[in-house]
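This report walks through a structure for someone who has not seen it before. Please look at the sequence and the 3D view below, then read on.

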Protein chains: 2
Amino acid sequence: MTVGDLGEFGVIGRIAGRLPQGAAVLLGPGDDAAVLSAPDGRVVVSTDLLIEGRHFRRNWSSGYDIGRKAAAQNLSDIAAMGADPTAIFVGLGMPADVTTDWLDALTDGFRDECALVGASVAGGDISRSDTVVLGVTALGDLGGRRPVTRSGARPGQVVAVAGRLGHAAAGLALLQAGRVGPDVVSGPPADRSGAEGRVVAGDGEIEEWLSVLVDAHRRPRPMYACGPGAARLGATAMLDVSDGLLQDLGHIAEASGVRIELDPDAFPVGPALAEAARALGADPLEWILTGGDDHAFAAVFPSDIRLPDPWLVIGRIAEGQGVHVAGRADTWGGWDHFRNSRG
Amino acid sequence: MTVGDLGEFGVIGRIAGRLPQGAAVLLGPGDDAAVLSAPDGRVVVSTDLLIEGRHFRRNWSSGYDIGRKAAAQNLSDIAAMGADPTAIFVGLGMPADVTTDWLDALTDGFRDECALVGASVAGGDISRSDTVVLGVTALGDLGGRRPVTRSGARPGQVVAVAGRLGHAAAGLALLQAGRVGPDVVSGPPADRSGAEGRVVAGDGEIEEWLSVLVDAHRRPRPMYACGPGAARLGATAMLDVSDGLLQDLGHIAEASGVRIELDPDAFPVGPALAEAARALGADPLEWILTGGDDHAFAAVFPSDIRLPDPWLVIGRIAEGQGVHVAGRADTWGGWDHFRNSRG
């Protein structure tokens, strides 16, 4: 069955029927607008547009993974302000021949990613479109905390990250090179969250590591709690790494009027990145420094704060401008949606 | 110059530079997320996805009008809950060959429509896309009022509308029939808000009336204040008419478990609709009852409430179900985004 068979209101009913609503949703889907609780008296809002062929490919990612990824990249923006996500809203454009199975998987992906942080899919809009288009907006609550912006970094403070770097970029490179087929990891909703940590051995070992990276491309795993956690620890600046560490830290350097100095030896290259770099003849550090889409948090803290796991100190703030790696100015690039180039 | 020449961050800077931020915006564009004031402790949220070729055509509407329309249809959803809109967020996908002039006009359209209600364009996202795609999310504040949903209508109450009906549908029909050229109304940002009321005479009279309708298709003019106003008056149910009066009132009938009886003689057919109906051999009442996109408010009130202008009583609530016109069940249809048919 396709969404064209169901019709607009059938589709809306089908989606809404799969979405539980949390306590923060005072009025959920089905009216002109939803009503959410905003106990802080302020609300944090972020929006993203995801276009098929540009942000995802249906033959490389399942509907379930696309839903998880689309939710994750918005929820991580909220957490990167130091807020707790409360709800997302999804504008969904799709062709009439999309199957209801695919739609259900997409819906479940949104639902399950939101469930990780106690948020709800509280509303949306559907439309016909030649390709799949997702307009996702996430909201969050600051719980009385100051929002952690990009402009608070000061010389003498340290830069730290929480979460994976370069994994999604390496996974995308593997898919683009045809090094692994799109079916390397089986479909939704199998839980592969422990994949990276498990002990693998034998002939399939390399393929298993590569599949971890392809999976990372399909579905980021932001360490959501680290966002509000960093705010509580006293972070002075923060963002989620979506376009590449160097480019994104450049935003902090510019907004704060400081220079950021990174220590390239601070980044551990795990076995997955090492195997992928060997397979493709690539430099794993380039993925780590310029790869987007893992949605790690990068934050700046006063140097006297004792940072708990999983925060990893990668550099420091100095007087000046720009992002420097071991004393050298950044010569890597990041992602520009219009120029679409690296360098 | 095109947006491809500017690059992603150039485009973002150019858009943000044209957007003043109101007092409700505590942190505006430029970070991972915006922070808005939510003094009520609740926030009203609605989202819409607009796809080129389906919701608008760049050869039929200017960038300015597309921005105004996209903002209007979201802001009216907020007002239809009885809330005051505070901000909108815009996900914008567009081809690299879009000119900066067009982008500026679009931005100004969003800005000017928001200014009508004191709202700000507080954030967004841009991406490259083969066609123009707009994901718009609007937020609002209830100011201590109960949200006016679709489920509160009770037998004995009256149904009233505030705003135009059928104008946008007639304008679209005129464009589709080639009866008027796309250049019938000159480009942005000329103010034609008084057009419908002015006295016209002479040979150009008919064309002038038709141009009013084409203009209505390009740019709805919701009577925003009527939304929160209806909540203050004691409205028991409300929505904005976006898919056609009969279809939309059907949502109130269903959600409230009531029958809605409309009086077809209650709808005045103005000169613009009359001329267009004559030109196309159409029934103006069909536009009024089934045409979407004017974003009039339709609300239900207790019968003892004295309704001020511009509210117009068009029917009453009875026991039963469905929407009936002069005792006859609705045989007109509305708009279904997947079935794309009327009937």
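A:His55 is found in the loop between β3 (42-51) and α2 (63-79) of chain A; helices (H or I, at least four residues) and strands (E, at least two) are DSSP runs, numbered from the N terminus. At 17% relative accessibility, A:His55 counts as buried, where buried means under 20% relative accessible area, exposed over 50%, and partly exposed in between (1.4 Å probe, protein chains only).

The model is predicted: local features need pLDDT of at least 70, side-chain atom pairs count only at pLDDT 80 or more, and totals for chains, interfaces and linings use all residues. Residues are numbered from 1 along each chain as its sequence is written, chains are lettered from A and ligands numbered from 1 in the order in which they are written, and side-chain values use heavy atoms, with hydrogens and water left out.

**Annotated positions**

A:His55 also appears in a database record: the UniProt annotation "binding site", from an unreviewed entry, covers A:His55, A:Asp293 and A:Trp335. UniProt positions are given in the numbering used here, feature names are shortened, and annotations may be inferred rather than shown by experiment.

The loop that holds A:Asp293 runs between α9 (284-290) and β10 (297-301) of chain A. A:Asp293 is partly exposed, its relative accessible area being 27%. Apart from neighbours within four places in sequence, A:Asp293 is in contact with A:Lys69, A:Ala168, A:Pro220, A:Val241 and A:Ser242; contact means heavy atoms within 4.5 Å.

In chain B, B:Asp293 likewise lies in the loop between α9 (284-290) and β10. B:Asp293 is partly exposed at 26% relative accessibility, and has a positive phi of about 80° although it is not a glycine. The loop between α9 and β10 of chain B also holds B:His295, another non-glycine residue with a positive phi, here about 55°. With a relative accessible area of 3%, B:His295 is buried.

**Chain A as a whole**

Chain A has nine helices and 13 strands. Of its 343 residues, 61% are buried. Among contacts in chain A between residues at least 6 apart in sequence, 85% join residues at least 24 apart.

**A covered helix in chain B**

Helix α6 (residues 226-233) of chain B is mostly covered, with six of its eight residues buried. These are B:Cys226, B:Gly227, B:Pro228, B:Gly229, B:Ala230 and B:Ala231. The cover over them includes α2 (63-79), β4 (84-94), β7 (158-162), β8 (237-240) and β10 (297-301) of chain B. Just after α6(B), B:Gly234 takes a positive phi of about 110°.

B:Cys226 has a relative accessible area of 11%. Another cysteine, A:Cys114, is buried at 0% relative accessibility. How many disulfides does a search of the whole structure find? The search finds zero over all chains, a disulfide being a pair of cysteine sulfur atoms within 2.5 Å.

**Cis peptide bonds**

The table sets out the cis peptide bonds described for chain A and chain B.

| Cis peptide bond | Omega |
|---|---|
| A:Asp309 to A:Pro310 | near 5° |
| B:Asp309 to B:Pro310 | about 0° |

A:Pro310 is found in the loop between β10 and β11 (312-318) of chain A. B:Pro310 lies in the loop between β10 and β11 (312-318) of chain B.

**How the chains meet**

Two copies of a chain are related by a rotation about an axis and a shift along it. Here, a turn of 180° and a shift of 0.0 Å along the axis lay chain A on chain B with an RMSD of 0.0 Å. That is the relation of a two-fold axis. The copies are superposed by least squares on the C-alpha atoms of residues with pLDDT of at least 70 in both.

At the interface, 71 residues of chain A are in contact with 71 residues of chain B. Because 100% of the interface residues of chain A are also interface residues in chain B, the copies meet through the same surface.

The area buried between chain A and chain B is about 5,100 Å², and carbon and sulfur atoms give 59% of that area. Buried area is the accessible area (1.4 Å probe) that two parts lose on being put together, summed over both.

Four salt bridges are found across the interface of chain A and chain B. A salt bridge is a side-chain nitrogen of Lys or Arg within 4 Å of a carboxyl oxygen of Asp or Glu. B:Asp31 forms a salt bridge with A:Arg150, and their closest N and O atoms are 3.5 Å apart.
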